[in-house]
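Here is my note on the model you asked me to look over. I have kept to the places where individual residues can be discussed one by one.

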Amino acid sequence: MEQADVVIVGAGHGGAQAALALRQHGFEGSILMIGREPEPPYERPPLSKEYLAREKPFERLLLRPAQVWADKRIGMMLGRSVTAIDAEAKRVTLDDGPSLAYNHLIWATGGDPRRLPGEDPNLAGVHAVRTRADVDKMIAEIDAGAKRAVVIGGGYIGLEAAAVLTKLGLSVTLLEALPRVLARVAGEELSAFYEAEHRAHGVVVRTGVTVEAIEGDGSVSGVRLAEGDMLPADIVIVGIGIVPAVGPLLAAGAAGGNGVDVDELCRTSLPDVFAIGDCAAHSNPFADGNVVRLESVQNANDMATCAAKAICGDPQPYRATPWFWSNQYDLRLQTVGLSTGHDATVVRGDPAARSFSVIYLKAGKVIALDCVNMVKDYAQGRKLVENRSTPEPAQLADTAVPLKEFA
Ligand SMILES: Cc1cc2nc3c(=O)[nH]c(=O)nc-3n(C[C@H](O)[C@H](O)[C@H](O)COP(=O)(O)OP(=O)(O)OC[C@H]3O[C@@H](n4cnc5c(N)ncnc54)[C@H](O)[C@@H]3O)c2cc1C
């Protein structure tokens, strides 16, 4: 194939949904998805949950059966990367040389795992948790007898991996540089709750510590802290976030920095080039219009639909309500809204009972909820976030009053 009407770069959540949404909205032209990983589009969230725990085989992670892509005439080039874009000629170049022409380009490349300074990418036993291949390598090492794990990074992925590894019988130490886990995404109440849960399950949680080096000769032997300790390890997980995979776009002249900048229709500054998902920096109404990058399945899917509709001639600004989830042990966290910038919190329910919500307010308005084993609050709290409701905080704490009363 030398050209496609729409070329989608990245065959993850955003790329797959963009292709499906184009067909759903009546797009009849040719669609080609180019993906660096060898697998057809699959769900990423289970990688640090059921897939690592071996509760779900890979086949059940596939976003669609293979036949669906063929039936919908969605072409796929897998195991290939796009390395360059010529925005004027409207062509992309592939890693093995050839170039392809497009009418519209959708950039849906997510991000690459952030590395620690000085990290040796060839040291066996050191893992990111981003792809199926990452997790398969880790599983093989556990099968071969790995017993001690150090997880670097107390974000959702690090915490989820720590929970699974503990369940699998490894001894786990979790390291976080900031004073608390989840510091970038949640309030103090939620951080304290999850730290206590992990400790109760036997994880050694150390916050406010700095990793000096990952030690090893050929394969990892441990993690050395700036504080002086040496933590022996058979497996190290580096879960310290991602670097948006936007090199070729920026090199082609697209505006951006931390990701690529997009407008409310997910258009980059290059003609007919859209960007969606983890790599797309956008002004979000749920962040008071501030420019953010969101790393969630919801955001990837909804941006994909937004870009597809714009290409199909039905432009609708991106205004989707952010939501997110995380599973650790028997705890299901559901989040709606963005809590960044909150100036007050209300805890509803009893964390000791392992069923509660944290409601985030800013200038008296509800901006987000974190709901732990509180499905009803999550379902009803959404309206409060969307309406920017201004309930009396003391009343919000009363679990006898359903949240819908405040919407
Ligand atoms: C372990 C883990 C657990 C998660 N858990 C949750 C969760 O519980 N809830 C939630 O909402 N979100 C979760 N997320 C986040 C969610 O998976 C991402 O936000 C989502 O996958 C983003 O979709 P995307 O299309 O932007 O990127 P991705 O799904 O990452 O897809 C991007 C694809 O593009 C490919 N690519 C990159 N560069 C190129 C190139 N130059 N050429 C061709 N292909 C390229 C990549 O290899 C990748 O396959 C989790 C993520 C991880 C890694």
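The points below take up the ligand site, a serine in a helix, the cysteines and two acidic residues in loops.

1. The model is predicted, and the remarks that follow should be read with that in mind. Local features are discussed where pLDDT is at least 70, and side-chain atom pairs where pLDDT is 80 or more.

2. The ligand is surrounded by 31 residues, and the closest of these are Gly 14, Glu 37, Lys 49, Arg 130 and Asp 278. Sorted by character, the residues of this shell comprise 12 that are nonpolar, 11 that are polar and eight that are charged.

3. Backbone atoms of the protein also meet oxygen atoms of the ligand. A polar backbone atom of His 13 lies 3.2 Å from a ligand oxygen, while for Ser 296 the distance from a backbone N or O atom to an oxygen of the ligand is 2.9 Å, and for Trp 325 the corresponding distance from a backbone N or O atom is 2.9 Å. The ligand taken alone exposes 1000 Å², of which the protein buries 96%. Two or more residues of the surrounding shell come from each of helix 1 (13–24), strand 2 (31–35), helix 7 (297–311) and strand 22 (323–328).

4. Is Ser 191 buried or exposed? Ser 191, which belongs to helix 5 (residues 188–200), counts as buried because its relative accessibility is 0%. A polar atom of the Ser 191 side chain lies 2.7 Å from the backbone oxygen of Val 181. When neighbours within four places in sequence are left aside, the contacts of Ser 191 are Arg 180, Val 181, Leu 182 and Ala 186.

5. How many disulfides does the structure hold? The number is zero, and two of the cysteines can be examined individually. For Cys 266, the closest cysteine sulfur is that of Cys 306, and the two sulfurs are 3.9 Å apart, which is too far for a bond because a disulfide requires sulfur atoms within 2.5 Å. For Cys 279, the closest cysteine sulfur is in Cys 266 at 10.0 Å, so this pair is likewise too far for a bond. Cys 266 counts as buried, at 0% relative accessibility, and Cys 279 also counts as buried, at 0%.

6. Asp 229 sits in the loop that runs between strand 13 (219–225) and strand 14 (230–232), and with a relative accessibility of 28% this residue counts as partly exposed. Its side chain forms a polar contact of 3.0 Å with the side chain of Arg 206. Not counting residues up to four places away in sequence, Asp 229 touches Arg 206, Val 223 and Arg 224. Leu 178 lies 51 residues from Asp 229 in sequence, and the C-alpha atoms of the two are 18 Å apart in space.

7. Glu 55 is placed in the loop between strand 2 and helix 2 (66–71), and its relative accessible area of 44% makes this residue partly exposed. The side chains of Glu 55 and Lys 167 are joined by a polar contact of 2.9 Å. Apart from neighbours within four places in sequence, Glu 55 is in contact with Glu 50, Arg 60 and Lys 167. Between the C-alpha atoms of Glu 55 and Lys 376, which are 321 residues apart along the chain, the separation is 27 Å.

Terms used. Residues numbered from 1 in each chain as written. Heavy atoms only, no water. Near = heavy atom within 4 Å. Polar contact = N/O pair within 3.5 Å; in protein donor to acceptor, adjacent residues only side chain to side chain. Areas by Shrake-Rupley, 256 points an atom, 1.4 Å probe, with all protein chains shown as cover. Helix = DSSP H or I, 4+ residues; strand = E, 2+ residues; numbered from the N terminus. Nonpolar A, V, L, I, M, F, W, Y, C, P; charged D, E, K, R; others polar. Buried < 20%, exposed > 50% of the residue type's maximum accessible area, 1.4 Å probe, protein only. Contact = heavy atoms within 4.5 Å.
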